[in-house]
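Work through the exercises below on salt bridges. Each task is followed by a stepwise solution.

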Amino acid sequence: GREVRLIAPIALGEVAIPGTQRSLSFGDRLFFQAADELYSSDGTREGTGVFLTAARPRNPTGLLSFGGSFFFLGETEEGSALFQSDGTPDGTRAIFDLGAPHYESGQLVPYGDAHFIFVAARGGRLQLFISDGTREGTRAIGPISHRDTGWSEARPTVIGGHILFFGADEAHGIELWSSDGTTTGLLVDLF
């Protein structure tokens with residue numbers, strides 16, 4: 001018969017925020033966020049543990065496989081950063097500094113074949129970025145929330161070449177917004 005067994009006892013910490021990617025199958029390993037650390041597992045007790053890197057990112061979120069690497073947002077001593085990994089500790093590094101203070105959550109979504117977008121949340125304010133997976137090719141598109149609305153989930157998705165997401169500004173509150181990857185604008189005033 002089939003058997004279900006515990007691989008490794010890990011304190012997962014707080015429950016994952018809906019809409020964020022907290023685990024990823026990459027190569028022959030599972031990478032996942034638990035207790036504010038990045039862990040990896042090959043499916044065995046001996047092969048499961050904290051994924052130690054020189055950068056030692058904390059609170060990883062938004063794991064995304066893209067272009068032969070995987071990316072995630074994480075905290076550093078200086079603030080927050082976008083990290084790139086080839087699945088090895090030595091091949092994991094911060095490629096784009098998001099600054100301080102730390103971002104609370106992040107969401108990464110593929111955008112076409114050559115880019116991905118990500119949203120970083122800090123203090124109720126959201127910022128939309130686009131990246132080709134390099135430091136030089138990563139930039140801010142624009143703010144999603146221009147004020148502290150308490151809203152921390154943009155829930156970005158790509159439809160028909162446009163990035164759709166929820167955001168807020170002083171005039172409209174929380175609404176559906178759109179971006180073509182260069183600028184952002186209110187798509188429709190729902191409320």
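**Exercise 1.** Classify the accessibility of R58, R56 and E37 in this predicted model.

Solution.
1. The relative accessible area of R58 is 35%, so R58 is partly exposed, given that the partly exposed class lies between the 20% and 50% cut-offs.
2. R56 has 39% relative accessibility and is likewise partly exposed.
3. E37 has a relative accessible area of 10% and is therefore buried, the cut-off for buried being under 20%.

**Exercise 2.** How many salt bridges does the structure hold, and which side chains form them?

Solution.
1. The count is two.
2. One pairs R58 with E37, at 2.3 Å from N to O. R58 sits in strand β5 and E37 in strand β3, so this contact ties together parts 21 residues apart in sequence.
3. The other pairs R56 with E37, at 3.1 Å from N to O. Because R56 belongs to the loop between β4 (48-50) and β5 (58-66), while E37 belongs to strand β3 (residues 37-41), this pair links parts 19 residues apart in sequence.
4. Both distances satisfy the cut-off of within 4 Å.

**Exercise 3.** Which residues do the salt bridges join into one network?

Solution.
1. R58 forms a salt bridge with E37, and R56 also forms one with E37.
2. Through shared partners, E37, R56 and R58 are joined into one network.

Conventions:
Residues numbered from 1 in each chain as written. Predicted model: local features only at pLDDT ≥ 70, side-chain atom pairs only at ≥ 80, totals over all residues. Heavy atoms only, no water. Helix = DSSP H or I, 4+ residues; strand = E, 2+ residues; numbered from the N terminus. Buried < 20%, exposed > 50% of the residue type's maximum accessible area, 1.4 Å probe, protein only.
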